[in-house]
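This report describes one protein model for a reader who has not met it before. Please look at the structure shown below and keep it in view while reading.

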Amino acid sequence: MDIKSMKNYLYWLYCQFELITCSYLMEPWEKLLFYTFNFTMLVTVLYTAYVFVPVHVSMAFQFVLHLLFGNQHENTVSIVK
């Protein structure tokens, strides 16, 4: 894929984004606020997903393992002693 067609494709995607969000109707200062808010929300969601989702998945996995296998001890020798 050459650079010119990639540039045209990215421009086409940008035009589609403006049509979908109706941001082509906004004034420049409104666009700045709109894009800043959307970018901030995207970064916040990505940060939250990066920090908190693995912890919740790990806790859910441990809970499911506890339900399936119950309270099993690490080895039987510790029970005998």
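Directly after helix 1, Cys-22 takes a positive phi of about 60°. The model is a predicted one. Most residues other than glycine have a negative phi. Cys-22, with its phi near 60°, has a positive value although the residue is not a glycine. Its place is in the loop between helix 1 (3-21) and helix 2. Cys-22 counts as partly exposed because its relative accessible area is 39%, and the range for that class runs from 20% to 50%.

Ser-23 is also placed in the loop between helix 1 and helix 2. Is Ser-23 buried or exposed? Ser-23 has a relative accessible area of 0%, so this residue is buried. The side chain of Ser-23 is joined to that of Tyr-35 by a polar contact of 3.2 Å.

**Overall layout**

The protein chain contains three helices and zero strands. Read from the N terminus, its elements run α-α-α. The chain has 81 residues, of which 4% count as buried.

Confidence in the model varies along the chain. The mean pLDDT of the protein chain is 87, and 85% of its residues reach 70 or more. Helix 1 has the highest confidence, at 93, and helix 3 (residues 77-80) has the lowest, at a mean of 55.

**The helices**

Helix 1 is made up of 19 residues. From its first C-alpha to its last it reaches 27 Å, close to the 27 Å expected at 1.5 Å a residue. Glu-18 is found in this helix, helix 1. With a relative accessible area of 11%, Glu-18 is buried, because buried means under 20%. A polar contact of 2.8 Å joins the side chain of Glu-18 to the side chain of Lys-31.

Helix 2 covers residues 28-69, which makes 42 residues. What span should helix 2 have at 1.5 Å a residue? The expected value is 62 Å, and the end C-alpha atoms of helix 2 are 60 Å apart, which agrees. There is nevertheless a kink of about 35° at Phe-52 in helix 2. This kink lies shortly before the proline Pro-54. Just after helix 2, Gly-70 takes a positive phi of about 70°.

Thr-48 is another residue of helix 2. A polar atom of the Thr-48 side chain lies 2.8 Å from the backbone oxygen of Thr-44. The relative accessible area of Thr-48 is 34%, so Thr-48 is partly exposed.

An unreviewed UniProt entry lists residues 32-53 as "transmembrane region". In the model, the chain over residues 32-53 is 100% helix and 0% strand. The end C-alpha atoms of residues 32-53 are 31 Å apart.

**Aromatic rings**

How many aromatic pairs does a search of the whole structure find? The search finds three aromatic pairs. One of them is formed by Phe-34 and Tyr-35, whose ring centres are 5.7 Å apart. The planes of these two rings are at 50°, so the pair of Phe-34 and Tyr-35 is tilted; planes count as stacked under 30 degrees and as edge-to-face over 60. Ring pairs link Phe-17, Phe-34 and Tyr-35 into a cluster.

Phe-34 counts as partly exposed, at 23% relative accessibility. Tyr-35, with a relative accessible area of 24%, is partly exposed as well. Tyr-35 thus takes part in the ring cluster and also in the polar contact with Ser-23.

**Accessibility of the residues discussed**

The table lists the relative accessible area of several residues named above.

| Residue | Relative accessible area | Class |
|---|---|---|
| Glu-18 | 11% | buried |
| Cys-22 | 39% | partly exposed |
| Ser-23 | 0% | buried |
| Phe-34 | 23% | partly exposed |
| Tyr-35 | 24% | partly exposed |
| Thr-48 | 34% | partly exposed |

Note on methods
Residues numbered from 1 in each chain as written. Predicted model: local features only at pLDDT ≥ 70, side-chain atom pairs only at ≥ 80, totals over all residues. Heavy atoms only, no water. Phe/Tyr/Trp six-rings, centres within 6.5 Å; stacked < 30°, edge-to-face > 60°. Buried < 20%, exposed > 50% of the residue type's maximum accessible area, 1.4 Å probe, protein only. Helix = DSSP H or I, 4+ residues; strand = E, 2+ residues; numbered from the N terminus. Expected span 1.5 Å × (residues − 1). Bend = angle between axes of the 7 residues up to and from the residue. UniProt positions renumbered as here; feature names shortened; annotations may be inferred. pLDDT = per-residue confidence, 0-100. Polar contact = N/O pair within 3.5 Å; in protein donor to acceptor, adjacent residues only side chain to side chain.
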